[in-house]
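Q: I've got a structure to go through with you. Can we take it piece by piece?
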Amino acid sequence: MVKFSKELEAQLIPEWKSAFVNYWQLKKHVKKVKLARILSLTTNTNHGYGFSIFDPIRSFIDRLSRNVTTNDHHPPADQILQVKRTMPEQGELGEEDDETELVDHNSYSEEEEVKLFFEKLDEELDKVNEFYKNKEREFLERGDMLNKQLQILLDLQQLVADSRRRRSTNNNSSSRRLNYTPTSTEFLHSYSSSPNSETASEFGEETTTEDVISALEKNGINLDGAATCAKTTKNGKPKTSMRIEIPATTITAVTSMLWEDLVNNPKKQGDYINRKKLQYAEKIIRGAFVELYRGLGLLKTYSSLNMVAFVKILKKFDKVSKRQSSANYLKAVKRSHFISSDKVVRLMDEVESSFTKHFAKDDRKRAMKFLRPRSQKDSHTVTFFVGLFTGSFVTLFAAYAILAHISGIISSRTQTDYIETVYPVFSMFALLSLHLFMYGCNLFCWKATRINYNFIFEFQTATALKYRDAFLICTCMMTSVVSAMVLHLILVSNRFSPPQVDTIPGILLLIFIGLLVLPINIFYRSTRYCFLRVMRNIICSPLYKVVMVDFFMADQLTSQIPLLRHMESTACYFLAGNFSTTHKYQTCKSGKLYRELAYVISFAPYYWRAMQCARRWFDEGDVNHLANLGKYVSAMVAAGARLTYARKETHFWMIIVLVTSLIATIYQLYWDFVKDWGLLDSKSKNKWLRDELVIKNKSFYYIAIALNIVLRVAWLETVLQFKVGLFESRLLEFSLASLEVIRRGHWNYYRLENEHLNNVGKFRAVKTVPLPFRELDSDG
């Protein structure tokens, strides 16, 4: 049977852990009560008798007499422990509170720890109640705001639909009866907090536009066209101007709004653009309802788990103290706000009803798929194929190494073409597979340490990639790559024509690209499309609001510059026709355009990341983002210096490389440890770490710091210029690129750990969705 402490640890909400009842601390107090009671019994047994061989008999007689005395003279349990309800003093704000008081102090005179236990229990009860009240208030306010937003959305949808229907039947009549042309840049209207607002669904099919507008005006809502905004409604209620504000988190939203600003033609474009805005607003409000429902579910779980914790700890106390004093205290716990309040349950029912009606077309089963998404269960089939592909990869790689040694194709100086043409293609796949493997390790470690990566990255629970899935993709890819390498080597050794043989890497590349964009819902389509969307957002970094997954992926790209360079080489070989002619790979290596593109490719990941920092500074106004931008600029300068030194190899450029790389490395190390990982805090209770640590063994953090420093200075190989052969140089290059990927995977865990702890510190367990209808100044 699993202990409740482990069950509580597994089920509690990580971001709210400090707000839960401290069950483990209360258990320590119960143990102190037990020790104090044993010590008291031992003292009473030995007192007056001395030590002799009859001590066991005397102890037994003493226990017998104590039990009789207890039954005869001890007061009932509800008289030993009394819970008094205190009222707030006159003139003070507050609610009723419960205080625990020990009535029979003499019965517990030997156990001073009992009083401390109940004092601690009262503190924990107050803490749970206070947190629950705050979260309940927050969710209730969010629910009221969402209801208002939904009301506005429904009214506007009714109005736009009615205006389109009337204009399609009779343009002249429509222009006379409704001179309404929404502006292309915003929907302006007014909103009142009147609780008696009518919804658009109450209107019938024959409802006129004037009826909708009059209903809106009754509730303090005014739609502004070209006319100026009025100050009050017909019934004298004050109005507040509002607008639809679509967060620029997607390229589609940005394109729509840019087109809206550039093409300001209300007669032709107005309705279409406004309908698109309403669609975006509907999507945002729907997502906000889902997050609200999730938050209410978490708060309900919080309430039930804390109740069980109080029951369990009081049972332990009764067992240790040999009293039945928990019943009276449990009555006080059940009267507490976090148990007695039903506002959360009622709001959950209201959210279910509204969501089913307005977003699921009265289909409750469909609504529950959004509100309660089920995560995919772990499949033994995935585990089986991971093992199968792993074994196949190891076997095929061993076969490739043996064949390469027998044929002498790697060590032979005459086979330069093979290394220069095949190496970039296969090493590209190998680096990508290694990165997937490290990501699988990250997913496993994040899950093991209960870091909520799905919430941080805003992944859907039902479709989010799990560590077994990442390992399956990795092993499948590497098995395919090594199989192609073995086949290619066999054909080359048997003197097949190079144009035919060298199409194998190209075919493999096209297959993987085809699988990546395949629209059929197989091979993790949601993950593939999410990757494509993130890559699209990274390339267009300055044009939209940056989210966590975007800049996290951009950081991964800064560690995959060798992979991007290999993609350049592969594209050059295929596009220039080197595989189909004479294998003169020098055409790509010595070409001016190829060398200039090397700078662009080396700069691109740092540039994208710098633009993300600039956009975050523009949105948030935090100067730390500008400092982070400087880090990527220094990395771009250092990368450019190393590329130039590789071409010229002069002492001047070697000094430039040393200076720029040293500055960039120090900059990066500081940002890694202090900003991204949150370590090196001199005032921390954990020496040079941080106050909160997910991993209990502190040595892991010190090893991580040392390892990150060592792997950050791998650029020294560029300056040292080891004199080795062609095969050895390519192997060294691949090894250094692999070490950088490993460093990035190692960095990923601590980066997300720090982000998780920031969420824990602010009790962020539910996403806050920016709502589309924003209040403006009514005078505007």
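A: Sure. One term before we start: contact means heavy atoms within 4.5 Å. Also, this is a predicted model.

Q: Good. With that in mind, what does Glu124 touch, leaving out residues up to four places away in sequence?
A: Glu124 touches Phe20, Val21, Asn22, Leu26 and Phe310.

Q: And where is Glu124 found?
A: In helix α5, which covers residues 113–169.

Q: Is Glu124 buried or exposed there?
A: Buried. Its relative accessibility is 4%, and the cut-off for buried is under 20%.

Q: Let's zoom out. How many helices and strands does the protein chain have?
A: There are 29 helices and 5 strands.

Q: What share of the residues is buried?
A: Of the 780 residues in the protein chain, 44% are buried.

Q: And how much accessible surface is there?
A: About 41900 Å² for the protein chain. Carbon and sulfur atoms hold 59% of that.

Q: What about contacts between residues far along the sequence? Take those with a separation of 6 or more: what part comes from residues 24 or more positions apart?
A: That part is 75% in the protein chain.

Q: Got an example? Say, how far apart are Phe389 and Met477?
A: In sequence, 88 residues. In space, their C-alpha atoms are 9.0 Å apart.

Q: Which helix does Phe389 lie in?
A: Helix α14, residues 380–407.

Q: What is Phe389 in contact with, beyond its neighbours within four places?
A: Leu472, Thr475, Cys476 and Thr479.

Q: Switching to the surface. Which residues make the nonpolar patch of about 550 Å²?
A: Ile507, Ile511, Leu515, Ile520, Ile522 and Phe523.

Q: Where is Ile522 found?
A: In the loop between α19 (503–517) and α20 (525–539).

Q: How exposed is Ile522?
A: Partly exposed, because its relative accessible area is 39%. The partly exposed class lies between under 20% for buried and over 50% for exposed.

Q: Back to the two helices on either side of that loop. At what angle do α19 and α20 pack?
A: About 95°, and their axes are 8 Å apart. So α19 is roughly perpendicular to α20, as angles of 65 to 115 degrees count that way.

Q: Which residues make that contact?
A: From α19, Leu515, Leu516 and Val517. From α20, Arg528, Tyr529, Phe531 and Leu532.

Q: I think I saw Leu515 a moment ago. What else does Leu515 help make?
A: The nonpolar surface patch, along with Ile522 and others.

Note on methods. Residues numbered from 1 in each chain as written. Predicted model: local features only at pLDDT ≥ 70, side-chain atom pairs only at ≥ 80, totals over all residues. Heavy atoms only, no water. Patch = residues over 30% accessible without salt bridge, like charges linked within 9 Å, V, L, I, M, F, W, Y side chains within 5 Å. Areas by Shrake-Rupley, 256 points an atom, 1.4 Å probe, with all protein chains shown as cover. Salt bridge = Lys/Arg side-chain N within 4 Å of Asp/Glu carboxyl O. Helix = DSSP H or I, 4+ residues; strand = E, 2+ residues; numbered from the N terminus. Buried < 20%, exposed > 50% of the residue type's maximum accessible area, 1.4 Å probe, protein only. Axes fitted to C-alpha atoms, helices over the stretch in contact; angles between N-to-C directions. Parallel < 35°, antiparallel > 145°, perpendicular 65-115°, else oblique.
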